[in-house]
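Here is a short briefing for a reader new to this structure. Look over the sequence and the model, then take the topics one by one.

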Amino acid sequence: QVQLVESGGGSVQTGGSLRLSCAASGRTFTTYAMGWFRQAPGKEREFVAAIRYGSTLYADSVKGRFTISRDNAKNTVYLQMNSLKADDTAVYYCAAAPLLSARGEGYMYWGQGTQVTVSS
């Protein structure tokens with residue numbers, strides 16, 4: 001069992017930055033792929049980024065602006081978000097999966113989400 005708790009969301013102006021954190025419980029954290037997904041009001045959940053060992057995946061919409069990283073000693077995964085746009089406004093969810101994937105169906109554990117609001 002893995003429990004995930006996100007933090008770091010908030011309100012920021014267009015062009016600003018935020019760093020999301022996801023703290024995970026469980027002794028097998030290092031073996032899991034960790035992903036970030038987001039869901040905006042009235043839209044489907046979409047993949048943002050994922051990391052497992054030294055491999056990463058990014059959605060095209062965030063490439064070059066967002067960076068995913070993890071600190072296995074702290075059982076934490078991060079999402080550094082730069083050059084934020086209004087379209088990035090969403091609830092951001094952290095998730096854990098056995099394999100690296102951009103598909104939400106592959107993720108077994110999910111956090112409760114953290115709101116990110118980008119305004120001009």
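In what follows, Ala, Val, Leu, Ile, Met, Phe, Trp, Tyr, Cys and Pro count as nonpolar, Asp, Glu, Lys and Arg count as charged, and the others, Gly among them, count as polar. The model is predicted. By those classes, the largest pocket is lined by two nonpolar, three polar and eight charged residues. The structure also holds one disulfide and five salt bridges.

**The largest pocket**

- Rolling a probe the size of a water molecule over the atoms shows where empty space is left.
- The volume of the largest pocket is about 160 Å³.
- In total, 13 residues line this pocket, and Arg38, Lys43, Glu46, Asp87 and Asp88 are the closest to its centre.

**Salt bridges**

- Side chains of opposite charge can pair when their charged atoms come close.
- Arginine 38 forms a salt bridge with glutamate 46, and their closest N and O atoms are 2.5 Å apart.
- Is arginine 38 buried or exposed? Its relative accessibility is 5%, so arginine 38 counts as buried. The cut-off for buried is under 20%.
- Its partner glutamate 46 has a relative accessible area of 35%, so glutamate 46 is partly exposed.
- Lysine 63 forms a salt bridge with aspartate 60, with 3.2 Å between the closest N and O atoms.
- Aspartate 60 has 65% relative accessibility and therefore counts as exposed, as the cut-off for exposed is over 50%.
- Glutamate 105 and arginine 103 form a salt bridge too, with their closest N and O atoms 4.0 Å apart. Both glutamate 105 and arginine 103 are exposed.
- Which residues are joined into one network by salt bridges that share partners? They are Arg38, Glu46, Arg65 and Asp88.

**The disulfide**

- Cysteine 22 is joined to cysteine 94, at an S to S distance of 2.1 Å.
- The disulfide links distant parts of the chain, since its two cysteines are 72 residues apart. Cysteine 22 sits in strand S3 (residues 18–24), and cysteine 94 sits in strand S9 (residues 90–97).
- Why is the disulfide left-handed? The torsion about the S-S bond of cysteine 22 and cysteine 94 is about -80°, so the disulfide is left-handed.
- Both cysteine 22 and cysteine 94 are buried.

**Strand S11 and its partners**

- Side chains alternate along strand S11 (residues 114–119). Thr114, Val116 and Val118 point to one face and are buried. Gln115, Thr117 and Ser119 point to the other face and are not buried.
- Strand S2 (residues 10–13) runs parallel to S11, and four bridges join the two. Serine 11 stands opposite threonine 117 in S11.
- S9 pairs with S11 in the antiparallel sense, over three bridges. Here valine 91 stands opposite glutamine 115 in S11.
- S9 thus appears twice in this briefing: cysteine 94 of the disulfide lies in S9, and S9 pairs with S11.

**Serine 7**

- Serine 7 belongs to strand S1 (residues 4–7).
- Its relative accessible area is 37%, so serine 7 is partly exposed.
- Serine 7 and glycine 111 are 104 residues apart along the chain, and their C-alpha atoms are separated by 10.0 Å.

Terms used: Residues are numbered from 1 along each chain as its sequence is written. This is a predicted model: local features need pLDDT of at least 70, side-chain atom pairs count only at pLDDT 80 or more; totals for chains, interfaces and linings use all residues. Side-chain values use heavy atoms; hydrogens and water are left out. A disulfide is a pair of cysteine sulfur atoms within 2.5 Å. Buried means under 20% relative accessible area, exposed over 50%, partly exposed in between (1.4 Å probe, protein chains only). A salt bridge is a side-chain nitrogen of Lys or Arg within 4 Å of a carboxyl oxygen of Asp or Glu. Two strands pair if DSSP finds at least two bridges between them. On a 1 Å grid over the protein atoms alone, a cavity is a set of points where a 1.4 Å probe fits but cannot get out, and a pocket is an open set with protein on both sides within 12 Å along at least five of seven lines; lining residues have an atom within 4 Å of a point. Grid points are joined across faces, edges and corners, and a volume is the space filled by probe spheres set on the points.
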